[in-house]
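Please load the model in your viewer, show it as a cartoon with the chains coloured separately, and keep a selection panel open. The tour below moves from one selection to the next and says what is to be found at each stop.

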Amino acid sequence: MTTELKISEISANFAEGEQGKWGMAIDMDICTGCQACVAACAMENNVPFVGEADSGYGRSMHWIRTERFWEGEFPEIKMTPYQPVLCQQCGHAPCEPVCPAFATVHSQAEALNLQVYNRCVGTRYCANNCPYQVRSFNWRDYERPEPLPNQLNPDVTVRRRGVMEKCTFCIQRIHRAEDVAKSEGREVADGEFAPACAQACPADAIVFGRIDDPESAVSKMARGARGFHLLEELGTLPAVTYLKGG
Amino acid sequence: MTVTTNISLLAVFPDLEPAADAIDRLRTLGVPDDQMNVISGTPVTEAMLGRPRQWTNVPRLALGGALAGMIIGLFLAFATPSLYPIQVGRQGIISGPPTVVVVFEMTMLGLLLSTFLGVFLDSYFPSYRPMHYVPEISDGKFAVFFSCPQEDSEKITKAMTALGAEKVEAAEAQPL
Amino acid sequence: MASTATHHDHEQDHIAHLREKHLMLDPLPRGRMNEMVMESMHDTSWKFWVVFGILSVIVAVFLFGAWGYMIANGLGVAGVNRPSYWGIFLVNTVFWIGISHAGTFISAILRVFKAEFRRPFTRAAELMTTFGLVQAGFSIFMHMGRVWLSYWLMPIPNQRGLWPNFHSPLSWDLLAITTYLLSSTMYLFLPLIPDLAMARDRTPDGTWQKTFYRVLALGFRGTEGEWTHLRHAMNIFAFAIIPVMFSVHTIVSWDCAAATRPGWNSTIFGPYFVVGALHSGMGAVAMVLAVVQSRMKHMKYFIRGEHFDALGMLMLLVSMTWAYFFFNDYMVQWYGGDKWTQQLLHFHEAGPLGWMWFAMLIFNVAIPWATLWNKKWRSNPWLLFGVGLLINFGMWFERYIIIPISLTINRMPFTWRMYTPGVEIYLGIGTVAFFILLYMGASRLIPLIPVWEVQEGQMAHSLKKYGRETVVTISELE
């Protein structure tokens, strides 16, 4: 006699399909590790210069960094490809719920992680809980010797000591492009603008655009067989796709 | 009905036993329980003194405070997120588990605060007015205060002394 | 005849021995005990003031001075970095909250279970709770990048229209620690009222102390009504503060456990932290009692070998429970096989601070187990002081391993970097000094022994002959 096991169908409603709005694809196979993105980002976003000592002690404030590892024992060393790491603008961000002051929140309009500097009281819980370790904290009020203040980007807030900050996907550029498009009564075109890192990349390894548009360049790249997400197993739903293995 | 003037007396006893005897004796001498009060340096229950049960509002106030705390907790957990809805980490605007924590803490805070304040309310704390008091009670003595008609005072004083009162005298309010 | 006499002598010896051993069987007149407690407050040697002065300087320079310097210059002057965003600040927060748990444990749990040995030192333990929480508060505020805006975390209506984020474990922390600080202070104060009234009656008129006691005693006289309200309130407190205490350290543990980090995301952290808190707290109570007993006048009467014996047993029990939870946490994480957790566990034991991991196990487990099983040893105040001190180091190491050392290892090896404490060392020393300073100050102003509770206990205890043996009986007076 057989018993029929009636196991009701379990439907897993993972939000996997739910995508962000803006996204990025980074092709590690063509990245040369030139650090142009790091420099451009710092200029665009008024990231302070922390100096050698602090930088060496793990207090560099770059919103994007280029990771590279040596594998194996000297002299049998293999180098891993360069990997620019920036805020992944997670759809399911671990940094957001842990802030007691609502300083790091999810933007409904742009589907990005926002860091509201004015609300930040500096508990640094978000940075602890960021699996990508891409948040940087203003450990001090870093000096900007003359004439460097002239180079500050007026579109971006200058942060003071005690405040957490991180990559915004150059939200000021997103907004400007959206404003221009709106005034001209159209949608933002693919490739019309790019964040500073993508703009500066000489190898065009960083591509930025709408990931909710399947025809955009970034969506096409991200769909490719080489695409993967950083620490995908955590289920953070990053908006950044890396390409490797070509 | 004859008009009698009552006077307040106090009798100090060295121990619980004679104090309890004195209370019984006072009752037989016509002093009703609500005209008596015992002060002591250690907590003795009403049953030990053979006195009617003391009424206390503390448990009721505590419950009321717990309820108030819970309402504040519910407000914090359910209402405040809706006043300024902000999406974080794909959690709901109001998410379940944290509300439990918030409601629990506020309930307990309400309970304990109102218990504490209940003692103040019920005991009329703080009161720095002059009151009937005998400092010796903090050395373990028991003082029985009572008021009786003027004409009975001599009889009662004698009875109290016979039961071992160390002193029986007119009670005077004194600054604490 | 001779044998009867010997038996009688033996009996007398036995009774004398019992009286000498147990405070509750060795009653003194209440007036005498009051006098002793008052004298213990007033008998202050010049050495006290020297220590008090030194500690005041340390607090002024190390705590407030260094903190002011840090506020003015940013957290860069501390050692926190990426990835150890939380350093000794949070270690000290957890440590001090841990210390504060002992007071509630002793005065609430032991009161609920009617453990009579608690009576003379409930207040000494409760003072630790309140003063420990003050240090925890300092430590957590120091840790904040913009501490001047810390009121933004309070759930109060504000012009920004923004309420705190109750999704965040830190918001729960704020509610839980506030609740605990307020309720433990109230719980300290309620049984203190009769003793303050006693001190008021025994302080000469015209002194500032008289005014101090007069105001704080609230006009307490000891009427039946006052005692009834007080008893009911203390009973409610004793029961209700226990879940609050558990919730506080559980929520502190959730700061770690709710995070997506290897080594932190553990379901057992709640009870593990609570037991760890009791471990360090009990050790600290033993230390405080040893000092109080030897340095304050008449305290040898109130605090005796039996109290250290009982505390030592509790410490042993807590140490075993801690070892159980530690092993549970370790075992499951090790077996889980997650590569980052594996890295982390290896780093704990074999990393540059591996000695700390071994010291933690030796101080928290090996030494208590090796010493506290022996009744004679654990009745010795200075041995218990030593064990308590080591346990406190061990538990501090435990928190250091859980916070900065575990933060060193994350899922992005590119950011792995060691943490070297900076100014937070001085701030930590400052909190220790401030704790001792507050305690010393309180010992001059607050009757450290709840005299009325001791007397109540002495009234409840008596000797009874059961067959041929004289035994202790306790009547239930409450």
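Select Ile39(B) together with Ala143(B), which is its bridge partner in E4(B); as this is a predicted model, what follows describes computed coordinates. Extending the selection by one more pair, Asn37(B) has Phe145(B) as its bridge partner in E4(B). Both pairs belong to the ladder between E2(B) and strand E4 (residues 142-149) of chain B, which pair in the antiparallel sense over five bridges.

Now keep strand E2 (residues 36-40) of chain B on its own and show its side chains. Are its residues buried or exposed? Five of the five are buried, so the strand is largely enclosed by the rest of the structure; the cut-off behind this word is 20 or more other C-beta atoms within 10 Å of the residue's own. Looking along the strand, you will find Met36(B), Val38(B) and Ser40(B) pointing one way from E2(B), while Asn37(B) and Ile39(B) point the other way. In a regular strand the side chains alternate between the two faces of the sheet.

Widen the view to the sheet that holds this strand, an open one of four strands in the order E2-E4-E1-E5 of chain B, with antiparallel pairing. E2 and strand E5 (167-170) of chain B stand at the edges with a single partner strand each, so one side of each has no neighbour in the sheet. On average, and with direction ignored, neighbouring strands of this sheet are turned by 20° against each other. Adding helix H1 (residues 16-28) of chain B shows that H1 lies across strand E1 (6-13), E2 and E4 of chain B, and that this helix runs at about 15° to E4(B).

Next, colour chain A by confidence: its mean pLDDT is 88, and 91% of its residues reach 70 or more. Residues 8-17 of chain A are the stretch to treat with care, since the pLDDT there is below 50, and the stretch has four contacts in the model beyond near neighbours in sequence. Where pLDDT is low, the predicted coordinates should not be read in detail.

Staying in chain A, select the four strands that form an open sheet in the order E10-E1-E12-E11, where the pairing is mixed. Its edge strands are E10 (206-210) and E11 (227-228) of chain A, each of which pairs on one side only. E11(A) is joined by two bridges to strand E12 (residues 240-243) of chain A, and the two run antiparallel; one residue pair to pick out is Gly227(A) with its bridge partner Leu243(A) in E12(A).

Move to chain C and select helix H7 (residues 192-201) with helix H8 (residues 208-217), whose axes come within 8 Å and cross at roughly 145°. The crossing of H7(C) and H8(C) is left-handed. Among the residues that meet are Ile193(C) and Leu196(C) in H7(C), and Tyr213(C) and Leu216(C) in H8(C); by class, this contact has seven nonpolar, no polar and three charged residues.

Finally, show the surfaces between chains. In the first of two contacts to inspect, 51 residues of chain C are in contact with 52 residues of chain B, and H9(C) gives the most to the side of chain C, with 18 residues. The other contact takes 34 residues from chain C and 34 residues from chain A, where helix H6 (residues 169-189) of chain C gives the most to its own chain's side, with four residues.

Technical notes. Residues numbered from 1 in each chain as written. Chains lettered and ligands numbered in written order. Predicted model: local features only at pLDDT ≥ 70, side-chain atom pairs only at ≥ 80, totals over all residues. Contact = placed C-beta atoms within 7 Å. Axes fitted to C-alpha atoms, helices over the stretch in contact; angles between N-to-C directions. Left-handed = near helix turned anticlockwise from the far one by under 90°. Nonpolar A, V, L, I, M, F, W, Y, C, P; charged D, E, K, R; others polar. Buried ≥ 20, exposed ≤ 12 C-beta atoms within 10 Å, placed from the backbone. Pairing = 2+ DSSP bridges. pLDDT = per-residue confidence, 0-100.
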